[in-house]
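Student: Got a minute? I'd like to go through this protein with you.
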Amino acid sequence: MKSLLLKDLYNISHNAKSMLFILAMIALIIVPTSGAPTYTISCSILCAMMIMTTFTFDEASGWTAYALILPVTRRAVVRAKYAALAVFCTAGSLFGLAVSALVSLCAVGRMTELNSPLVLLAMLPVGWAVAFAMGSMAIPLAYKYGAEHARVLLFAAFMAPAMLVIAVIGVMAVLEVSLSGAAVTALVCASPLAALAWGYVMYRAACRVFEKKEV
């Protein structure tokens, strides 16, 4: 599986410079206006979506059909995709944290409450969890429908849970329900575990789809 992971990392490295430039430019817009937490999560998600680019490369080169004649199992191919996703999410979260802290200091002159070190650190696991959960859903969709169609389906699929979260927050605001500091800390710490559990479910789904797929 290591060689499969390195293949995806090598392919995506050609886009690394342009991606870093885009993320840096976005930081100058988002951090001063919407705050570092928003940028950290956005950065993590954008990096996680690079997993779709690896599928585009595979489809363009006909790599999947070639891989299946090699001494690797289909499950190993799928595991390598999830390993690459974890790497992308980690890189995006760390980059978002570093750039958020830098832009916050430069743009504001000091750390505001929204962009405080504690909030920035809290967003690290949350951003990783959101990105990994989203990317986990993208992989079985890409195997089923192809990379380009999966992008559209993924956007539609995430509108529903996003609207649900917004609705829950709205109801809590109307009812004046607030979470304690301990509850918030527990949710932040549990978010990566919840994302990994969701990722395992999506991994099993991706394996089933890929095992039935003819290439």
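Tutor: Let's take the overall fold, then one helix, then a residue in the last segment. Keep in mind that the model is predicted.

Student: Fine. What secondary structure does the protein have, and how many of each kind?
Tutor: Nine helices and zero strands. Along the sequence the pattern reads α-α-α-α-α-α-α-α-α.

Student: And what share of the 215 residues is buried?
Tutor: Buried residues are 39% of them.

Student: What about contacts between residues 24 or more positions apart?
Tutor: Those make up 83% of the contacts with a separation of 6 or more.

Student: Switching to the surface. How much is accessible, and what share belongs to carbon and sulfur?
Tutor: About 11800 Å² is accessible. Carbon and sulfur atoms hold 74% of that.

Student: Now helix α3. Where is it, and what span should it have?
Tutor: Helix α3 covers residues 36–48. Its 13 residues, at 1.5 Å a residue, should span 18 Å. The end C-alpha atoms are 18 Å apart, so the two values agree.

Student: Which residues of α3 are buried?
Tutor: Ala36, Pro37, Tyr39 and Thr40 are among them. So are Cys43, Ser44, Cys47 and Ala48.

Student: Next, Glu214. Where does it sit?
Tutor: Glu214 is in the segment after α9, which covers 181–212.

Student: Is Glu214 buried or exposed, and why?
Tutor: Exposed, because its relative accessible area is 78%. The cut-off for exposed is over 50%.

Student: How far is Glu214 from Ala65?
Tutor: In sequence, 149 residues. In space, 8.9 Å, C-alpha to C-alpha.

Terms used
Residues are numbered from 1 along each chain as its sequence is written. This is a predicted model: local features need pLDDT of at least 70, side-chain atom pairs count only at pLDDT 80 or more; totals for chains, interfaces and linings use all residues. Side-chain values use heavy atoms; hydrogens and water are left out. Helices (H or I, at least four residues) and strands (E, at least two) are DSSP runs, numbered from the N terminus. Buried means under 20% relative accessible area, exposed over 50%, partly exposed in between (1.4 Å probe, protein chains only). Contact means heavy atoms within 4.5 Å. Accessible areas come from the Shrake-Rupley method with a 1.4 Å probe; for residues, only the protein chains shown count as cover. The expected span of a helix is 1.5 Å times one less than its number of residues.
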